[in-house]
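Me: I would like to go through this model with you, starting with how its helices pack and then turning to the ligand. Could you keep the answers plain?

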Amino acid sequence: MDTVISFVKGNPISAFFYALGSFTFLKFAIKTLVVFGETFVLPGTNLRKFGAGKGSWAVITGASDGIGREYSIQLAKKGFNVLAVARNGTALKSVTDEIASGTKGKVQSKTVVLDVSKSDHHGWEQLKEVFHEIQVSVLVNNVGKSHAHPVYFAESEPSEISDIIAINVDATVRITRMVLPGMIKRKNGLILNMGSFSGIVPSPMLATYSGTKAFIDTFSTALAEEVKKHGITVQCINPYFVVSKMSKIRKPSIMIPTAAAFVRASLNKVGLSGGARFVGRPAGSAPYWSHSLLEYFVGVLGWKQATVVYTHELHKSIRKRVDRKLAREAKTQ
Ligand SMILES: NC(=O)c1ccc[n+]([C@@H]2O[C@H](COP(=O)([O-])OP(=O)(O)OC[C@H]3O[C@@H](n4cnc5c(N)ncnc54)[C@H](OP(=O)(O)O)[C@@H]3O)[C@@H](O)[C@H]2O)c1
């Protein structure tokens, strides 16, 4: 230490670089400490703040399966009445049945059958009517669609492109606009918008999906700043992969939780950002621990460009496997 001090004292340029290095290291150490604290130690905001157990309603889109189904069931267990929205009425009924049996009838639940890709679907009117009857304090804009397979944008089906935009962007904006004035009036609310890792790191061969998730991220951050003065929390939840029909992944692993584990982490970390803390998007949140660390390393260490190239290579190889499978199926027909 004495040698370092005497070296630095005699040389102003070395002193400058020594100070810069120390500052950079300190900044990195503090950021790492905060991210690890939020990921592994600190609890999120207690959901009672948003009316859990007090007759408030949670609205979940894409509630009949996967992550949305889990939000519906777990929010009901936390004491929220649940309004579940999706296309499949039978699957929605199984969600409300599970809520009724899981909560022993302590909370209410309703369903609205709505295809959010169709702007004139009759379900929109029904949703508006239900919103007049209930007090919504939690909105989970979970519904989402991705490309069936990795595909170059120039070869994407126009109908797939417009569906992805309608479901991921238009529905989120439209439902948020319907619910937000009530939250502002009551000075309380929680909005969780389902983003994706592909909204943070551009995802070649899923360009439209990736772009819509980047929209969700930016929209959430702008809205969060607008409404925080009204006591409303808005977050963009960034999963990497989660076991579900959409991901086509059936086996959980360290990096790929089940929908139940992912949602449990999300509801335990409301208001925290984890690995999304220091990347210039204050509303971003990576609630699941391994996703949090991944987002931190990519964001803070600045590996984005390399990740874009890696993702492109990954999607090229997935596409090759899909093409081989389709060719095999075509032969057997
Ligand atoms: N799983 C992952 O690895 C992953 C990763 C990053 C982000 N995400 C995001 O997480 C969210 C949920 O994904 P997931 O994996 O749980 O998907 P999922 O298992 O495929 O479930 C999608 C849900 O959305 C509903 N839905 C689909 N199209 C609809 C439409 N046009 N109108 C109304 N509802 C519709 C589906 O029900 P119906 O068929 O009954 O309509 C279902 O309830 C999405 O926003 C997705 O982008 C997922």
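Me: Which hand does the crossing of helix 5 and helix 6 have?
Reply: The crossing of helix 5 and helix 6 is right-handed; a crossing is right-handed if the near helix is turned clockwise from the far one by less than a right angle, and left-handed if anticlockwise. This is a predicted model, in which local features need pLDDT of at least 70 and side-chain atom pairs count only at pLDDT 80 or more, while totals for chains, interfaces and linings use all residues. Residues are numbered from 1 along each chain as its sequence is written, and side-chain values use heavy atoms, with hydrogens and water left out.

Me: At what angle do helix 5 and helix 6 pack?
Reply: Helix 5 (residues 123-133) and helix 6 (residues 158-186) pack at about 30°, and their axes are 10 Å apart. Helices here are DSSP runs (H or I, at least four residues), numbered from the N terminus. Axes are lines fitted to C-alpha atoms over the stretch in contact, with angles from 0 to 180 degrees between N-to-C directions. Helix 5 and helix 6 are therefore roughly parallel to each other; that term covers angles under 35 degrees, with over 145 being roughly antiparallel, 65 to 115 roughly perpendicular and the rest oblique.

Me: And how are helix 6 and helix 7 arranged?
Reply: Helix 6 and helix 7 pack at about 15° with axes 9 Å apart, and they are therefore roughly parallel. Their crossing is right-handed.

Me: What about helix 3 and helix 8?
Reply: The axes of helix 3 and helix 8 (residues 259-268) come within 9 Å and cross at roughly 55°, so the two helices are oblique to each other. The crossing of helix 3 and helix 8 is right-handed.

Me: Now the ligand. Which residues come nearest?
Reply: Of the 30 residues around the ligand (those with a heavy atom within 4 Å of it), S64, R87, N142, Y209 and S244 come nearest.

Me: Which backbone atoms does the ligand approach?
Reply: A ligand oxygen is 2.8 Å from a polar backbone atom of I67, and a ligand oxygen is 2.8 Å from one of V242. A ligand nitrogen lies 3.4 Å from a polar backbone atom of L114.

Me: How much of the ligand does the protein cover?
Reply: The protein covers 91% of the 880 Å² of accessible area that the ligand has on its own, by the Shrake-Rupley method with a 1.4 Å probe.

Me: Which elements give two or more residues to the shell?
Reply: They are helix 3 (66-77) and helix 7 (207-227).

Note on methods. Polar contact = N/O pair within 3.5 Å; in protein donor to acceptor, adjacent residues only side chain to side chain.
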